[in-house]
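Biologist: Thanks for sitting down with me! Could you walk me through this one?

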Amino acid sequence: MAVAEVQACLASLEAAVGRHGSAVVAFSGGVDSALVAAVAHRVLGPRMLAVTAHSPSLPARDRDEAAALAAEVGFPHRVVETHELANPAYAANPANRCYFCKDELFTHLGAVAREHGLAAVLDGFNADDRHDHRPGHQAALAHGAASPLAEAGLGKAEVRALARHLGLRVWDRPAAPCLASRIPYGTPVTPEALARIEAAEQVLRGLGVLGGRVRHHGDVARVEVPPDQLAWAFSQREALVVGLKAAGYLFVALDLEGYRLGSLNAALR
């Protein structure tokens, strides 16, 4: 993006954030929410608070990285415990599972906003997300949350460009949805399955795979890596098998189609 275009996008986002006067930001540590939090800090100063959820469905590594980024940029940050697994509607893992997760999250964020006297709750939903399966956004809307990225017309490319322009080190971080997104719809979400997935994906990262996924099919781990890393992954099959079996899987499969965002959503089509 040209400098003038980046500056115009930033001005639009600042206006979308600034109109609220004060806000809680749903801050996962990913590039979308990091950009919203950083801009809210620029525009609102002490009248903003970034809040990160912690639960078994969210990797502890992501929570720790969110805290580190908040400290690095300098905006106020708080962690709240969420309990979506206690909701049978979430644990059953229907196609709209994310609705129940976000309902839990935004219930807590609303309470934090009231506690601190902050006017709005902001999330990282962007303009491109409108074209994806996003039941969680319906929960955000039901709770009255605002989506300044989408309001400013910013999609994924613009978000990354702005994050880079502002010096946010997560500007090129791969998308990192919750661990439950690795479990096929209809298969119950349990703390044990989530822990197994988290341990398995730590094996991938330890081998240098960025942006890979371990899809959980009972005792089978279906490994997705970026297509250009398939040959390398096969060359590492012994390490993958040993590591993923140590994480609790009996069988390890390498998906020949490679990593694609939301591959389990294919079942919905």
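Biologist: Which element gives the largest share of the lining of the second largest pocket?

Modeller: First, this is a predicted model, where local features need pLDDT of at least 70, side-chain atom pairs count only at pLDDT 80 or more, and totals for chains, interfaces and linings use all residues. Residues are numbered from 1 along each chain as its sequence is written, and side-chain values use heavy atoms, leaving out hydrogens and water. A pocket is an open set of points on a 1 Å grid over the protein atoms alone, where a 1.4 Å probe fits, with protein on both sides within 12 Å along at least five of seven lines; lining residues have an atom within 4 Å of a point. Two elements, α3 (60–73) and α9 (191–206), give two or more residues (helices are DSSP runs of H or I, at least four residues; strands of E, at least two; both numbered from the N terminus), and the largest share, four residues, comes from α9.

Biologist: Is Gly206 buried or exposed?

Modeller: Gly206 lies in helix α9. Buried means under 20% relative accessible area, exposed over 50%, and partly exposed in between, with a 1.4 Å probe and protein chains only. Gly206 has 65%, so the word is exposed.

Biologist: Which strands stand at the edges of the open sheet?

Modeller: The four strands run in the order β3-β2-β1-β4 with parallel pairing, where a pair needs at least two bridges found by DSSP. A strand with a single partner is left without a neighbour on one side, so the edges are β3 (77–81) and β4 (120–122).
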